[in-house]
Amino acid sequence: MFVWDLSDFSLTRDDWAKKFRHWWDEFKSTLQHYWFGTKLLWADIRISSRLLLKLASGKSLSRRERQQLTRTTADIFRLVPFAVFIIVPFMELLLPVFLKLFPNMLPSTFQDKMKEQVILLYSSNNTCLTTGVLYYHSILGRLNL
């Protein structure tokens, strides 16, 4: 019979302090990320409401304005399932699992641009791979898979 030796898993007080400090820094950076994402989403909603008024008055939108309106509308629709994770108690613990299964579930203002740049950096070594990844990413993004 195998017996666990708990002395191998024990950490000193300093190790626990470092680990706790690291967790606290990660927690603060995550909260800051979502706070900035919320502020950006609110700004996008305000801009898009003005664009809707412009569209309702009969004026046409430029290509950039149309893209802004489309992206913000998609973000609002993505916010509905995301809000369920916040409202239902303890469901936020499942958020990382659902984000792994459905990566486009978060609104665009909450997505980390650094992760996208890292993916492009690693895949830029092979042009065919980069083109294929971007092609399938755009298709899956349109299908919301």
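**Entry 1: A74.** I began with A74, which lies in helix α2. Before going further I noted that this is a predicted model. Is A74 buried, partly exposed or exposed? I found A74 partly exposed, because its relative accessible area is 30%, and buried would need under 20% while exposed would need over 50%. Then I looked for a partner far along the chain and picked S108. A74 and S108 are 34 residues apart in sequence, yet their C-alpha atoms lie 8.7 Å apart in space.

**Entry 2: the whole chain.** I stepped back to see what A74 sits among. The protein chain has five helices and zero strands, so my list of elements, read from the N terminus, is simply α-α-α-α-α. Of the 145 residues in the chain, 16% are buried. I also looked at contacts between residues at least 6 apart in sequence, and 53% of these join residues at least 24 apart.

**Entry 3: confidence.** How far does the predictor trust its own model? I read a mean pLDDT of 78 for the chain, with 70% of residues reaching 70 or more. Which element has the lowest mean pLDDT? That is helix α5 (residues 127–143), at 57. Helix α1 has the highest, at 89, and I went there next.

**Entry 4: helix α1.** I checked whether α1 has the length its residue count calls for. Helix α1 covers residues 13–56, which is 44 residues, and at 1.5 Å a residue the expected span is 64 Å. Its end C-alpha atoms are 63 Å apart, so the span agrees with the expected one. Just after α1, I came across G58, which takes a positive phi of about 100°.

**Entry 5: the buried side chains and their neighbour.** Which residues of α1 are buried? I wrote down G37, L41, D44, S48 and L51. A reminder to myself: an α-helix has 3.6 residues a turn, so residues three or four places apart point the same way. What do the buried residues of α1 pack against? They pack against α2 (63–87), the helix that holds A74.

**Entry 6: a pocket.** Last, I looked for empty space. Rolling a probe the size of a water molecule over the atoms shows where such space is left. I opened the second largest pocket, which holds about 160 Å³. Which residues line the second largest pocket? Its lining is F27, T30, L31 and Y34. By type, I counted three nonpolar residues, one polar and no charged in that lining.

Notes: Residues are numbered from 1 along each chain as its sequence is written. This is a predicted model: local features need pLDDT of at least 70, side-chain atom pairs count only at pLDDT 80 or more; totals for chains, interfaces and linings use all residues. Side-chain values use heavy atoms; hydrogens and water are left out. On a 1 Å grid over the protein atoms alone, a cavity is a set of points where a 1.4 Å probe fits but cannot get out, and a pocket is an open set with protein on both sides within 12 Å along at least five of seven lines; lining residues have an atom within 4 Å of a point. Grid points are joined across faces, edges and corners, and a volume is the space filled by probe spheres set on the points. Ala, Val, Leu, Ile, Met, Phe, Trp, Tyr, Cys and Pro count as nonpolar, Asp, Glu, Lys and Arg as charged, and the others, Gly among them, as polar. Helices (H or I, at least four residues) and strands (E, at least two) are DSSP runs, numbered from the N terminus. The expected span of a helix is 1.5 Å times one less than its number of residues. Buried means under 20% relative accessible area, exposed over 50%, partly exposed in between (1.4 Å probe, protein chains only). Contact means heavy atoms within 4.5 Å. pLDDT is the predictor's confidence in each residue, from 0 to 100.
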